[in-house]
Amino acid sequence: MQSWLNQPLTWGSALVLFLWALVFLFIVLGFVTYAIYFERKVIGWMQLRIGPNRVGPFGMLQTVADIFKLLIKEDTIPRKADRALFILAPVLAYIPAFSVLAVLPYTQNLYFADLNVGLLYYVALSGISTLAIVLGGWASNNKYALLGGMRSAAQMISYEVPLVISVVGVILLSGSLNLRDIVAAQSGGWFWDWNFIPQIIGFIIFIIAAVSELNRTPFDLPEAESELVAGYHVEYSGFRFAFFMLSEYVYVYAIAALTTVLFLGGWHAPAPFLAFVPGIIWFLLKFAFIVFFLFWIRATLPRIRVDQLMGLGWKVLLPLSLLNVFLTAIYLELFIKN
Amino acid sequence: MENYANNYVVVAVFIVLGILLPVVALTVGRLLRPNKPNALKQTTYESGNEPVGEGQVRFNIRYYLFALMFVIFDVETVFLYPWAVAYNKLGLFVLVEMLIFAGMLLIGLLYAWKKKVLKWNSV
Amino acid sequence: MLPSYLTMAAILFCIGLYGALVKRNAVVVLLSLELMLNAVNLNLIAFSKYGVVPSLTGQIFSLFTITVAAAEAAIGVAILIALFRMRGTVNVDEFDKMRR
Amino acid sequence: MSILNDIPILSFILFSPLLGVIVLLALPQHRSNWLKKTVVIATLIPLILSFWLYAEYDKQQGGAAFDERQSWAEIPLNKETQAAGLSEFKFAFQYELGVDGLSIPLLLLTTLVSAMASLAAIQVKKRWKSFFIWFLLLEMGILGVFLARDLFLFFILFEVTLIAMYFLIGIWGYFNRERAANQFLIYNGIGSAIMLTAFVILVNTAGFRIDQIGDQVSFIYSGSYMDIFSNLSNPEAWVNLAPEQIGTINPFLMSDTMQWTLFIMLLVAFGIKLPIFPFHTWMLKVHTEAPTSIVMIHSGLLLKMGAYGLLRFGLLLFPEQARAFAIPLAVFGVINLLYGALLALRQQELKLVLAYSSISHMGIVLIGLAAMNELGLQGAVFQLVSHGLVSALLFLIVGSIYERTGTTELGELGGLARSMPFISGVLLTAGLASLGLPGLSGFVGEFLSLLGLFETQRWLTAAAVLGIILTAVYMLRAVLKITFGPQRDDYAALKDARLIEAVPMIVLLAFILLLGCFPSVLTDTVQLGMDGLLDQLLATRAGG
Amino acid sequence: MYEGVSFVPLTWTDMLYLAPEFLLAAVFIVLVLLDLLLPKRITRQTIGWLTLAGIAASLLLVLLRMLDMNEGGVSSEAIRLLANSYRIDDFASLLKIVFLTGTGLIVLLALGSIRDDEAITDRAEYYYMLLPALIGAMMMTSSGNLVTLYIGLELLSLTSYVLVGMRRKSGLSAEAAFKYVVTGGISSAMILFGMSYLYGITGSVDLGSIAAALPDALVDFKALAYVGFFFMIAGFGIKIAAAPFHAWAPDVYQGAPTPISAFLAVIAKGAALAAVFRIFYSTLLMLQDENAIVSKDIWLALLVLAAAAMLVGATAALRQKNTKRLLALSGVANAGYMLVPIGISLSVVHSSNFSEFIYYLIAYLFMTIGAFAVVSTVSRSSGNEELKSFAGMYYRAPWTAAAMVVFVLSLSGLPVSGGFFGKLFILLGAANAKAYWLVGVIVLSSVISYYFYFGFVRQMFMRSGSEQGEIRVKAETGIVIWACAAATLALGLFPGPVMEWINAIFSLQSDLMINN
């Protein structure tokens with residue numbers, strides 16, 4: 001990858017790049033398809049159900065069937081909706097979700113873009129999806145949708161602040177915003193060199209905030225079906241609805257990969273004697289664990305109340321994340337510098 | 001890396017793909033799916049009843065207050081990031097400076113807390 | 001490269017100014033202010049990169065601008081909320097209680 | 001000469017009313033007797049001092065005397081003057097007082113009329129305390145105008161009179177007082193604004209002094225009248241005197257256009273105060289609306305400030321322009337004279353008659369000035385003093401009549417001579433003085449002015465004489481209508497003048513008679529004061 | 001690609017130099033916390049007095065620093081902090097003294113008037129929010145760098161927006177605040193836009209470096225330089241409420257609490273003027289030869305702005321019936337007067353611009369705050385801010401009426417008052433620079449202004465109002481009124497000492513010009 005990026009850009013290489021990205025797109029789509037399947041399966045098992053088991057072997061084609069269903073389903077746009085914005089919203093939700101994947105590294109050599117400001121890029125682009133949700137809620141011209149959209153916006157911006165500040169500790173330790181450098185800074189050989197132990201506060205805050213950013217249980221208030229029917233996408237049907245879903249799961253992918261990179265040492269082995277296993281395997285293992293963890297808490301935890309949600313974000317996570325930053329900084333000042 | 005800009009080409013490719021997929025998918029979908037709209041289908045959903053009043057109702061002003069808080073604290077990170085990146089190269093003084101800076105913001109947070117901005121009454 | 005950035009910034013600035021002076025919705029007016037400030041940022045960064053004497057200062061300046069713009073927006077919206085509570089409208093034309 | 005040279009006598013004169021103000025401020029508001037005594041005493045002090053001053057003034061030598069100078073504020077114009085080789089380059093504001101033959105008569109007039117007016121002032125009906133305070137401030141302003149030898153000091157004190165008059169008219173005036181006060185303020189405000197502009201430019205072009213002590217050369221801008229006078233009258237002098245270092249600073253001498261502009265500006269500024277014909281409306285309002293004592297001061301003194309300013313700043317500083325402008329000036333004078341007289345003839349209100357008569361008489365002053373010769377100038381100054389006394393007296397009487405009858409309409413007055421013989425007699429005498437009966441002061445001024453003009457502008461003089469005749473007609477018409485003729489029944493019981501009214505009447509009348517019989521008391525002083533100007537005027541005439 | 005940007009941290013001595021500002025900031029933070037943590041029953045007046053104490057202490061520090069710098073009457077080199085971005089020199093110190101005094105008076109005024117203002121809910125904030133605004137103003141005077149200047153400007157502006165909207169229960173206040181935010185925002189954007197061009201053509205935001213680089217830059221980018229400077233003039237024109245950028249001022253002053261109107265009129269305006277002074281003098285004075293035409297044009301633009309402000313301010317005020325709007329428009333005219341010494345630039349025969357400027361600013365401070373203090377007293381007793389409420393004041397509060405006469409005289413530039421000498425100094429400066437047209441404009445606008453200023457006198461002394469009974473003046477307000485009146489009179493009677501003191505300590509080279 002690196003060698004390509006260092007070559008002068010020609011139309012040919014641009015085309016190759018494009019094709020690679022296309023391949024990657026299908027990988028991601030495949031991930032989403034089977035992530036949904038596994039989510040249903042896992043939750044089913046945890047709740048002593050079986051989960052999807054009819055379509056294909058072990059129900060493995062269930063999601064595929066769902067996608068086809070959505071694709072050929074009639075797509076209604078409410079008469080009172082703001083048509084242009086209504087159409088734009090799901091697209092806008094999806095674009096940043098996919099774009100952030102560009103900067104995620106998988107191994108030392110397997111990555112797409114190697115930006116010096118990778119983390120900032122991720123943070124900046126992921127913020128846009130809030131807009132899409134508000135837009136969707138507003139354009140539907142529906143009370144549930146609007147309230148869901150507003151709630152979602154409030155929640156996402158409230159948790160974005162601790163999320164963003166919690167990674168400052170990681171940046172302090174590595175002195176870079178480049179995700180590859182951040183992984184490189186965790187290469188002590190042992191798992192306690194990974195950021196999640198020195199940055200335990202940051203890590204916890206990051207996980208909580210990330211779950212909230214994903215609008216997943218226990219923070220799924222925007223689409224709380226028992227209160228708001230389906231929240232901001234109540235009016236969406238067919239493939240437009242699918243894009244909201246798709247972007248949510250792409251974000252699951254992104255967050256899982258990002259957590260791996262930032263806190264779990266990326267492709268590094270947990271112990272020196274395990275280093276013979278290829279980095280990509282380690283990465284995928286950690287990645288898979290995070291994804292599983294997200295499903296797990298969905299099955300386990302109830303949805304929390306809106307005032308608790310806000311209170312947690314502003315009164316607990318934000319001060320804590322700042323505390324984490326300064327603890328890290330002081331630690332660096334006392335022990336590492338000079 | 002003499003061709004650093006190439007990384008942004010990659011980013012651009014991703015963004016283009018991000019746009020292309022919905023466009024293609026929705027276009028394909030349009031060809032596949034039926035389209036038989038009628039007035040009943042196109043009404044706004046309100047738990048099966050006829051929709052009452054405006055859809056775009058006024059919502060609680062608290063949302064704005066949170067938006068304000070967000071703007072302030074999000075911008076704080078604009079300063080935190082470069083500070084964090086350069087921290088190792090700079091002296092103790094920057095730590096003090098950032099402590100003051102963050103301290104001010106925390107006072108702001110405390111202020112908001114005391115003024116009951118963070119209290120969420122039901123929506 | 002520089003002229004196109006500058007032109008873009010100038011256009012943005014003019015749109016912002018127009019919006020701030022002409023638009024009737026107070027929120028749009030505040031947004032127009034932000035637009036003007038962003039035009040400035042564009043200018044600063046363009047100069048910082050392609051200017052006669054490129055220097056980092058422009059980017060640093062724009063960081064400050066961004067922050068201040070945020071504070072200004074926050075205060076603007078806060079005041080607008082207070083005003084809205086009082087008047088029940090965000091139409092600038094109706095903010096005319098001052099005696100001439 | 002005397003001990004007066006050792007003490008700052010002029011400052012004493014100037015600030016003695018202020019002393020009264022301080023005492024007044026300390027007194028409680030309801031002790032009206034104390035207040036009244038204070039104000040009278042406060043006006044008597046400068047009166048006595050000024051007569052003493054007059055007695056000590058060397059009439060044989062003439063010229064400026066009793067100079068007092070104090071630095072007030074300084075701005076260095078360019079501190080980095082080493083480049084220019086100057087040790088000092090600054091702007092100096094100074095407190096500078098002085099008198100000469102021109103200002104002494106007017107100073108005397110001021111203290112005299114003020115003292116008399118203060119007697120009339122104690123009849124004021126409301127808010128005594130603040131009335132007296134403003135009254136004394138007004139007197140101080142007028143004194144200062146005649147004493148100041150610095151342009152800015154002159155301006156400041158000129159403005160003090162403006163402010164004081166505004167309050168005095170606006171609060172204690174008659175029915176339309178507010179409008180009168182406003183008009184007064186705006187007209188005179190414009191006048192003084194033009195004056196200030198002219199002064200500022202004047203100072204910046206001609207108001208400099210170069211002092212050289214050894215290597216130390218200092219270049220000082222200031223509003224000093226004497227500096228400006230000497231720089232303007234001898235424009236080449238400084239160039240020869242000036243050390244080389246001045247070259248970079250280059251204070252330019254005034255161009256011809258600039259001189260003309262300044263002259264016209266000063267003419268307009270003081271013309272409004274005088275007032276010259278198109279700018280006179282404010283003055284009618286003031287005359288009809290202001291309370292008696294204030295009209296006495298206004299008509300007797302404030303109008304003189306305009307003439308004084310015109311003479312001191314217009315004619316003395318710009319003799320060349322003045323000469324060239326003599327004919328228009330004379331025309332203005334004649335217009336004033338005729339216009340005032342004609343309108344006075346048609347008025348049905350005594351105060352308006354007198355107001356228009358003031359305009360008319362100021363026309364004579366203008367005529368005297370326009371003559372540009374010894375006789376004319378003497379006449380003008382004499383007319384100033386004389387009119388000051390006469391009009392003060394007339395308005396004092398009008399005040400007394402109004403107090404008794406409640407009206408000043410000619411149609412409603414008549415036959416007062418029977419019930420008020422003293423007042424009527426004084427009124428008649430004052431009227432005769434006003435119309436210029438020989439033996440009374442009015443005659444001398446008119447006669448000298450017209451004689452002066454006759455030397456230069458015969459035809460205009462002829463027209464002016466017509467005005468004099470008209471004066472006799474309207475004055476006699478008004479005075480006789482009031483004193484003789486049928487008396488209204490309800491006027492029969494009116495009381496004649498009280499002592500407090502009679503004293504100022506008699507004093508003023510005495511001075512009118514004195515000047516009428518012995519004009520040389522005044523003319524000698526004036527002549528000496530005018531020598532310099534006359535020399536210049538004559539030189540200009542010889543040269544051009 | 002980029003030149004190295006060296007990082008210069010503050011040292012402990014630097015912190016000491018910054019003590020006045022730091023002290024204010026510390027007081028501010030402490031007061032915020034106190035307000036949040038103190039129980040409700042403790043009156044918030046305490047916070048007002050503490051604010052005042054903080055300002056007084058800071059004033060003392062500034063004075064000490066200044067005395068130290070001018071020991072023996074010799075102006076020493078300016079103290080430069082943070083790579084010359086923050087300067088402590090006599091220009092800054094003098095203005096800081098003015099601002100601190102002004103704010104102190106305003107706090108006193110607020111202490112006197114707040115109890116009657118039902119619309120103000122956050123009493124403590126009303127006081128302590130003045131502090132950051134003051135720090136902003138102080139930063140503006142001290143900055144040697146566009147960024148610092150901008151931060152100071154915004155600190156001042158942003159807090160002012162809040163202060164204007166402080167009367168939470170009044171619709172007018174919120175409306176005024178909103179208008180102020182919008183116009184203030186436009187003005188900041190314009191200033192910034194101008195600054196960005198200046199930065200673009202010179203590659204620096206440091207005023208000294210800009211001055212050094214400008215001659216070269218003008219060779220190729222004259223148009224951009226013009227655009228930059230004119231945008232800055234327009235932006236600052238809004239901030240100082242100079243016509244034609246003054247439309248916001250009457251509305252904002254009317255809606256704001258009276259002490260805050262005074263604050264805007266004096267400190268906000270003064271700080272913006274100081275910024276104009278510093279920026280334009282440091283960057284433009286050194287232009288020579290063919291470039292001098294650029295500076296000439298810009299000075300002329302400033303002068304035109306000044307003339308417009310004077311005339312428009314004076315004429316627009318003629319029709320005003322509301323006292324605060326009237327004082328706002330008077331502020332517009334006064335902004336014009338204060339722009340004159342800035343705009344006439346230096347010449348061989350005239351370089352006393354700064355002393356003229358600051359003398360007028362001092363006089364303006366006292367007369368305006370005094371007038372606002374009287375207005376607040378009168379409007380409290382009558383319940384409105386109409387000019388009519390002054391009617392019959394002679395009977396109801398003779399001494400206050402007398403003080404108001406002093407302010408009116410001073411505002412209209414009549415002797416014997418600080419305003420007279422201030423205006424006279426400016427007038428003489430203009431005449432010395434041979435700008436006779438400007439002399440005419442100044443004088444003309446003063447005459448026009450007589451009419452409306454004397455409207456106060458008319459009402460107070462010549463009319464009798466509907467209301468009777470003595471107007472009670474709160475002790476704090478009384479102190480403000482009398483201090484201002486005394487100062488105004490003193491400035492009018494003895495201009496010498498102040499002027500000579502300013503001249504003795506101020507030196508163009510070391511106190512105004514910024515050079516590296």
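Helix α12 of chain A, which covers residues 279-300, has 22 residues and reaches 31 Å from its first C-alpha to its last, close to the 32 Å expected at 1.5 Å a residue. The model in which this helix appears is a predicted one, and the values that follow are computed from it. Within α12(A), the buried residues are A:Trp282, A:Phe283, A:Lys286, A:Phe287, A:Ile290, A:Val291, A:Leu294, A:Phe295 and A:Ile297. These buried residues of α12(A) pack against three other helices of chain A, namely α2 (11-46), α9 (200-213) and α11 (238-263).

From chain A the path leads to its interface with chain B, where 73 residues of chain B are in contact with 86 residues of chain A. The size of an interface is often given as the accessible area lost when the parts come together. By that reckoning chain B and chain A bury about 7,400 Å² between them, with 72% of it on carbon and sulfur atoms. On the side of chain B, the three residues B:Phe14, B:Gln56 and B:Tyr81 supply 11% of the area that this chain buries against chain A, which is more than any other three residues supply.

As for polar interactions across this interface, the count between chain B and chain A is one salt bridge, in which the side chain of B:Arg33 meets that of A:Asp75 at 3.6 Å, taken from N to O. The interface of chain B and chain A also holds six residue pairs in polar contact, counted where both residues have pLDDT 80 or more. The elements of chain B that give two or more residues to the side touching chain A are α1 (5-32), α2 (62-86) and α3 (92-114), and of these α1(B) gives the most, with 20 residues. By residue class, the side of chain B that touches chain A divides into 49 nonpolar, 16 polar and eight charged residues.

Chain B also meets chain C, and here 11 residues of chain B are in contact with 13 residues of chain C. The two chains bury about 1,000 Å² between them, 87% of it on carbon and sulfur atoms, and B:Ile61, B:Leu68 and B:Phe79 supply 44% of the area that chain B buries against chain C, more than any other three residues. Between chain B and chain C the count of salt bridges is zero, and the count of residue pairs in polar contact, with both at pLDDT 80 or more, is likewise zero. The side of chain B that touches chain C is made up of 10 nonpolar residues, no polar ones and one charged residue.

Terms used: Residues are numbered from 1 along each chain as its sequence is written. Chains are lettered from A and ligands numbered from 1 in the order in which they are written. This is a predicted model: local features need pLDDT of at least 70, side-chain atom pairs count only at pLDDT 80 or more; totals for chains, interfaces and linings use all residues. Side-chain values use heavy atoms; hydrogens and water are left out. Contact means heavy atoms within 4.5 Å. Buried area is the accessible area (1.4 Å probe) that two parts lose on being put together, summed over both. A salt bridge is a side-chain nitrogen of Lys or Arg within 4 Å of a carboxyl oxygen of Asp or Glu. A polar contact is a pair of N or O atoms within 3.5 Å; within protein, one must be able to donate a hydrogen and the other to accept it, and residues adjacent in sequence count only if both atoms are side-chain atoms. Ala, Val, Leu, Ile, Met, Phe, Trp, Tyr, Cys and Pro count as nonpolar, Asp, Glu, Lys and Arg as charged, and the others, Gly among them, as polar. Helices (H or I, at least four residues) and strands (E, at least two) are DSSP runs, numbered from the N terminus. The expected span of a helix is 1.5 Å times one less than its number of residues. Buried means under 20% relative accessible area, exposed over 50%, partly exposed in between (1.4 Å probe, protein chains only).
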